[in-house]
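Colleague: I'd like a close look at one single part of this model, explained in plain words. Could you pick a loop residue and then work outwards from there?

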Protein chains: 2
Amino acid sequence: MAHFFKIDPAKPLSEREVEALFHSSTDGFIIGGTDQVTAENTAFYYERLMETDKQLFLEISHAEMVLPYADQFLVPMVLNSPDAKWVVGKFVEALREFSPHVPFKRITPLGYVILNAEAKAAKLTRANAALEKKDITAYAELAEHFLKLPVLYIEYSGTFGDTELVREAKAVLKETKLWYGGGIKSREQAAEMHEYADAIVVGNLIYENFEEALKTAEIVR
Amino acid sequence: MAHFFKIDPAKPLSEREVEALFHSSTDGFIIGGTDQVTAENTAFYYERLMETDKQLFLEISHAEMVLPYADQFLVPMVLNSPDAKWVVGKFVEALREFSPHVPFKRITPLGYVILNAEAKAAKLTRANAALEKKDITAYAELAEHFLKLPVLYIEYSGTFGDTELVREAKAVLKETKLWYGGGIKSREQAAEMHEYADAIVVGNLIYENFEEALKTAEIVR
């Protein structure tokens, strides 16, 4: 069971806040975002956060975010997009571009299922977010048995998810870990979702209510 | 290094021909086809071929081909289709339909790259068949490192492939096996492609020139 903070390189954090995140109980940090993410702001936060002993992941949504010295890259595949570009196409493009300098052992593919139709990522990828239990378990089985993905990431981006759907997905997973992200606004919600997911990811709350965000990490103390 | 015969359930084979295939040096049989494939003709050939000790795979292109007693299923993913339906969507549909009765341990996903734009499967899946070396190695790396597929299947369906492209794909694979199918019309072509692929698949030739098809199996004697 794990807790991660997701740090958006385009949003400001003070030195004091970074220190407070370091001293929280969180298991680690995912640096990732969509709008106004640049090589510069990515490197800025990566270099500040690499001072911690906690896990540090760099989630790649644009090629310019690829820092050669990063230790662990996360690369998203959107399993419920109808457009193969968002499932595997972006990988193929990147492999074409960066081959033969791709550090495969440092890359973890994240199998996303986006469940909030209003989320920016859902609109961009045209993800089919209207999923029932049978659908979500099918995606989980796809991730576990056929794609052998290390992580299935259920993304509600902005809204707190349906714990029942998360529980159903988790029930069919053995090797593949389930990460949950989206809409966690309090320690109570963090604790609730943490009962069903292997890891929860807290992002926006850092920028909306920093003190409450810190408290979400206490669930893994 | 292996040789497989691909048996189309919609095409006739005499008892004598089935016997001759059994006594050839081939490593096994893949039962699979597209047009006029039914539960009945699939079962008919499966039951005849299951009398052999050689490997026997049932490649599923329609739900009605799923024989509950089959030992090894192959399920295609078309990696170079722009439409996610052909990449992972068909898996998700099938998982929805057959769950919780899916024999995961008996199913092997086949990562297809279709390289003949005129092939029926290429048209159906709108596969981008105009691939250069850099593309094919990117697909091979996708299969090996990110999807961890047991098999990458390079399908030229009807035309003899570019051995150079096959060699390039093979060069980046370690765990993932490379299977080649398409346009093998002679023992010589079988031997040539066999130098580059882990397995070659001989299909149409069985129905076009049975004696020559038998000879292709001699390359693995």
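Modeller: Sure, let's start with A:Lys148. Its relative accessible area is 48%, so A:Lys148 counts as partly exposed; the label "exposed" is kept for values over 50%. Keep in mind that we're looking at a predicted model. Where does A:Lys148 sit in chain A? You'll find A:Lys148 in the loop that runs between helix H5 (133–146) and strand S6 (151–155). Now check the backbone there: phi of A:Lys148 is near 50°, a positive value, and this residue is not a glycine.

For a residue to set beside A:Lys148, hop over to the other chain. B:Gln36 also has a positive phi without being a glycine, and here the value is near 55°. B:Gln36 belongs to the loop between strand S2 (28–31) and helix H2 (39–49) of chain B. With a relative accessible area of 65%, B:Gln36 is exposed.

Back in chain A, have a look at another loop, the one between helix H6 (163–171) and strand S7 (177–181), which holds A:Val172. A:Val172 is partly exposed, at 24% relative accessibility. What does A:Val172 touch, leaving aside residues up to four places away in sequence? The list is A:Thr137, A:Ala140, A:Glu141 and A:Glu144. Take A:Glu141 from that list: A:Glu141 and A:Val172 are 31 residues apart in sequence, yet their C-alpha atoms are 6.6 Å apart in space. For chain A as a whole, take the contacts between residues at least 6 apart in sequence: 70% of them join residues at least 24 apart.

One more loop has a backbone detail to show you. The peptide bond from A:Ser99 to A:Pro100 is cis, with omega near 5°, and A:Pro100 lies between helix H3 (84–98) and strand S5 (107–114). In chain B, a cis bond likewise joins B:Ser99 and B:Pro100, with omega about 5°.

Now zoom out. Chain A has 9 helices and 8 strands, and 58% of its 221 residues are buried. A compact globule of 221 residues would have a radius of gyration near 17 Å, and chain A agrees with that at 16 Å.

How do the two chains relate? A turn of 180° with a shift of 0.0 Å along the axis lays chain A on chain B, with an RMSD of 0.0 Å. That is the relation of a two-fold axis. In chain A, the residue that comes closest to this axis is A:Ala84, at 2.1 Å for its C-alpha. The copies meet through the same surface, because 100% of the interface residues of chain A are also interface residues in chain B.

Note on methods: Residues numbered from 1 in each chain as written. Chains lettered and ligands numbered in written order. Predicted model: local features only at pLDDT ≥ 70, side-chain atom pairs only at ≥ 80, totals over all residues. Heavy atoms only, no water. Least-squares fit on C-alpha atoms with pLDDT ≥ 70 in both. Contact = heavy atoms within 4.5 Å. Helix = DSSP H or I, 4+ residues; strand = E, 2+ residues; numbered from the N terminus. Rg over C-alpha atoms; globule rule 2.2 N^0.38 Å. Buried < 20%, exposed > 50% of the residue type's maximum accessible area, 1.4 Å probe, protein only.
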